[in-house]
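User: Hi! I am new to reading protein structures. Could you take me through the place where the ligand sits, and how the sheet and helix nearby are arranged?

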Amino acid sequence: MSLSYEMENSRAWQTYLAQINQVTPYLEEDLIPFVNTLKRPKRALIVDVPIVMDDGSIQHFEGYRVQHNLSRGPGKGGIRYHPDVELNEVMALAAWMTIKTAVLNLPYGGAKGGVRVDPRKLSPRELERLTRRFTSEISPIIGPQTDIPAPDVGTNASIMGWMMDTYSSIKGHTVTGVVTGKPVHLGGSLGRVRATGRGVFVTGLEVAKKINLSIEGSRVAIQGFGNVGSEAAYLFHKANAKVVCVQDHTGTIYSEQGLDVKQLQNHVAQHQGVAGFPEASMIDDQEFWTIEMDILIPAALEGQITAERAQNLTAKLILEGANGPTYPEAEEILLQRQISIVPDVLCNAGGVTVSYFEWVQDMASYFWTEDEINQRLDKLMMSAVEDVWSKAQEKQCSLRTAAYILACERILKARKERGIFPG
Ligand code: NAD
């Protein structure tokens with residue numbers, strides 16, 4: 001299958017291209033000749049990953065690493081292990097990383113990688129062999145100065161530890177900065193696990209101030225109580241908001257006076273889901289979308305806010321903890337209804353921001369305290385909100401469009417200033 005064929009047929013990639021086309025009219029005239037650099041990946045590597053299974057047989061898996069754009073610095077983006085991973089999806093995910101790192105003004109480009117595999121079907125030894133062989137296959141194009149992977153769906157800190165060790169073995173010395181999201185004792189950063197949820201809270205707080213929505217006493221509904229949702233819930237609860245409703249894969253719980261989020265976290269740790277939490281009542285999953293709320297935090301899956309749900313939502317502010325939770329047609333309705341949306345490329349960028357801090361700490365071999373990390377994170381996220389908000393005012397557009405304009409301007413200015421080699 002040729003690259004261009006896959007480009008034509010990829011929905012995610014087409015969605016990304018449509019987003020670029022939509023913001024192009026807003027860009028300064030002198031940047032327009034460079035827009036096409038955003039419409040194709042700089043580099044895409046497809047690798048065969050053969051491994052010896054525990055039963056002695058040999059299985060082949062297909063892996064990818066795509067560097068979408070490196071105009072502003074090394075590539076940054078996760079590694080996904082999932083049975084549906086394919087090249088054009090990885091291309092789109094890499095492109096969205098280009099946008100996200102630029103919105104936060106991190107000195108990175110965008111990249112993404114993955115292996116088409118169901119990691120749950122591998123034994124721990126097979127998973128390690130797969131990771132080490134995949135790392136060795138993509139090692140010519142990754143590195144702390146070129147492209148820095150991180151965890152994504154189906155991968156975790158241990159897998160990053162194996163990647164770092166394999167890359168270091170190839171180089172003959174320890175290279176902690178080749179991946180982020182590592183275990184803390186292997187050069188990982190404090191605060192990384194909670195960073196995305198914290199970023200959701202911080203961006204939410206800033207935008208709430210701008211739309212005159214008081215956090216104290218506000219009613220918050222959260223879909224997803226994992227890494228992102230549970231931390232965001234905790235911080236809103238601490239700020240005296242009422243987390244009235246939480247939905248996860250086990251059901252939807254509701255409490256009129258607000259849930260005790262610490263107790264809910266303990267319950268989920270024991271029971272692997274919110275269902276059965278004694279201090280709340282279970283309600284129908286569909287009711288989640290119609291209850292009285294001020295703030296909605298989708299922090300589970302993509303494609304959750306449909307046009308129909310958008311018609312009935314009572315929220316004044318939506319914080320996109322998940323990637324791509326809002327359909328474009330739903331967004332139109334929400335904007336007409338004057339509901340503010342903090343877009344994913346801004347709202348959930350706390351994780352990549354602390355990944356950046358991890359890389360900086362690894363390069364300096366000097367590590368910061370969790371308080372220092374959180375302070376720096378808050379500062380960068382607040383300044384990104386300010387940048388996006390001002391752009392939205394200037395261009396009279398939504399926060400999502402503003403974030404894309406800002407990112408495209410930053411990337412294309414860098415491209416223009418660097419020029420096109422060989423000139
Ligand atoms: P997680 O696996 O820790 O938690 C996912 C949560 O979603 C769980 O509570 C699960 O029960 C819930 N869920 C799953 N299926 C559901 C369903 N059908 N209905 C309702 N709830 C359901 O994942 P996470 O790390 O918290 O990530 C959540 C989202 O945030 C994903 O979209 C992810 O891509 C995005 N994101 C995460 C990070 C990060 O640093 N973890 C960074 C950026 C974006």
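Analyst: Happy to help; here is a walk from the ligand's surroundings out to the sheet. Keep in mind as you look that this is a predicted model.

Let's start with the ligand. Its shell is made of 18 residues, and Thr196, Phe225, Asn227, Val228 and His249 are the closest of them. Sorted by class, that shell holds 10 polar, 6 nonpolar and 2 charged residues.

Now look at the ligand's oxygen atoms. Valine 228 has a backbone N or O atom 2.9 Å from an oxygen atom of the ligand. For glycine 321, a backbone N or O atom is 3.4 Å from a ligand oxygen atom. Asparagine 323 uses its side chain instead: a polar atom there lies 3.3 Å from an oxygen atom of the ligand. On its own the ligand has 830 Å² of accessible area, and the protein covers 68% of that.

Which elements supply the shell? At least two residues each come from α6, α7 (227–238) and β7 (242–248).

Two of these lead us to the sheet. Strand β7 belongs to an open sheet of 7 strands, ordered β9-β8-β7-β6-β10-β11-β12 with mixed pairing. At its edges are β9 (281–283) and β12 (340–342), each pairing on one side only. On average, neighbouring strands here are turned by 20° against each other, direction ignored.

Helix α6 (residues 192–210) lies across β10 (295–298), β11 and β12, and runs at about 160° to β11. Strands of a sheet pair through backbone hydrogen bonds, either parallel or antiparallel. Strands β11 (residues 317–319) and β12 run parallel, joined by 3 bridges. In one of them, isoleucine 318 is partnered with isoleucine 341 of β12.

Conventions
Residues are numbered from 1 along each chain as its sequence is written. This is a predicted model: local features need pLDDT of at least 70, side-chain atom pairs count only at pLDDT 80 or more; totals for chains, interfaces and linings use all residues. Side-chain values use heavy atoms; hydrogens and water are left out. Two strands pair if DSSP finds at least two bridges between them. Helices (H or I, at least four residues) and strands (E, at least two) are DSSP runs, numbered from the N terminus. Axes are lines fitted to C-alpha atoms, for helices over the stretch in contact, and angles run from 0 to 180 degrees between N-to-C directions. Contact means heavy atoms within 4.5 Å. A residue is near a molecule or strand if one of its heavy atoms lies within 4 Å of it. A polar contact is a pair of N or O atoms within 3.5 Å; within protein, one must be able to donate a hydrogen and the other to accept it, and residues adjacent in sequence count only if both atoms are side-chain atoms. Accessible areas come from the Shrake-Rupley method with a 1.4 Å probe; for residues, only the protein chains shown count as cover. Ala, Val, Leu, Ile, Met, Phe, Trp, Tyr, Cys and Pro count as nonpolar, Asp, Glu, Lys and Arg as charged, and the others, Gly among them, as polar.
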